[in-house]
Amino acid sequence: MTQKKKLIAGNWKMNGSLQANAALLQALRDGLGEAACAVAVAVPAPYLAQVQGLVAGSAIALAAQDVSQHESGAFTGEVSAAMLRDFGTRYVLVGHSERRQYHGETDAVVAAKAQRALAAGITPIVCVGETLAEREAGQTEAVVKRQLAAVVQSNGQCISEIVVAYEPVWAIGTGRTATPEQAQQVHAVLRAQLAAATERADRVSLLYGGSMNAANAAQLLAQPDIDGGLVGGASLKAADFLQIIAAAH
Ligand code: PEP
């Protein structure tokens, strides 16, 4: 059982506009009050500067949705960790299933991205999770362990500085959530894997992601190894996101 502050991170994915971002952040700031948990929003790269300004002086941390595995140079379209840091980025998602699925990101690429983020002083939120076919084939544990192992192996003792998000692919954007028991079971596996690599495994926040919403957040967040949530769709509506934050004591 871990006692650290919970983290609720919103993943806006490829949504937003200058106008919509301003309205959403204003509503979040107005409704946040004394949030008992840490809060972050992962925004599309073009809006980093805008959102950096909008969250200044608030308890909301800035996050990015991806980072290059390379340091700098001839990588057209890529955004480096140093560039993210220039805008005060605190967290970056790496290995989101949509990046693994649509952009061919391998475990090795995800591990390299996590390494770049850590070297720049940005906390990588490493996303792992099985597809429906993998779950039905009884491979859930093997898949998430393989995905996390790549990051553990290439990051050594820095591994206690990461955040891990368990996101079953079949639950992302589908309205189908893992039960609290299913999620806890995988989180316990991930915690044990981290404990084998570092004495500070308890410091690592393990987030659950996959159709988390105002109705199911409290039960998921009550599990002993669930330290927060990575929230997609529900993070785009201030009222829903605020209710999830309120559920994270
Ligand atoms: C996500 O994109 O990381 C996610 C969990 O999405 P959703 O909450 O919409 O399932």
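The following paragraphs describe the ligand site and helix α5 of a predicted model.

In the predicted model, the ligand is surrounded by 14 residues, among which K13, E167, G173, S211 and G232 are the closest. By residue class, this shell comprises eight polar residues, four nonpolar residues and two charged residues. Several polar approaches to oxygen atoms of the ligand can be described individually. A backbone N or O atom of G173 is placed 2.6 Å from a ligand oxygen atom, while a polar atom in the side chain of K13 lies 2.7 Å from an oxygen atom of the ligand. The side chain of H96 likewise contributes an N or O atom, which is found 2.9 Å from an oxygen atom of the ligand. Of the 290 Å² that the ligand exposes when taken alone, 96% is buried by the protein.

Helix α5 is formed by residues 107-119, and because each residue should add 1.5 Å, its 13 residues are expected to span 18 Å, in agreement with the 18 Å that separates its end C-alpha atoms. The buried residues of α5 are D107, V109, V110, A111, A112, K113, A114, A117 and L118, a set in which the charged residues D107 and K113 appear together with nonpolar ones such as V109 and L118. The elements that cover these buried residues include the helices α3 (81-86), α4 (97-102) and α7 (140-155), as well as the strands β4 (91-94) and β5 (123-128). After α5 comes G121, a residue whose phi is positive, near 80°.

Terms used. Residues are numbered from 1 along each chain as its sequence is written. This is a predicted model: local features need pLDDT of at least 70, side-chain atom pairs count only at pLDDT 80 or more; totals for chains, interfaces and linings use all residues. Side-chain values use heavy atoms; hydrogens and water are left out. A residue is near a molecule or strand if one of its heavy atoms lies within 4 Å of it. A polar contact is a pair of N or O atoms within 3.5 Å; within protein, one must be able to donate a hydrogen and the other to accept it, and residues adjacent in sequence count only if both atoms are side-chain atoms. Accessible areas come from the Shrake-Rupley method with a 1.4 Å probe; for residues, only the protein chains shown count as cover. Helices (H or I, at least four residues) and strands (E, at least two) are DSSP runs, numbered from the N terminus. The expected span of a helix is 1.5 Å times one less than its number of residues. Buried means under 20% relative accessible area, exposed over 50%, partly exposed in between (1.4 Å probe, protein chains only). Contact means heavy atoms within 4.5 Å.
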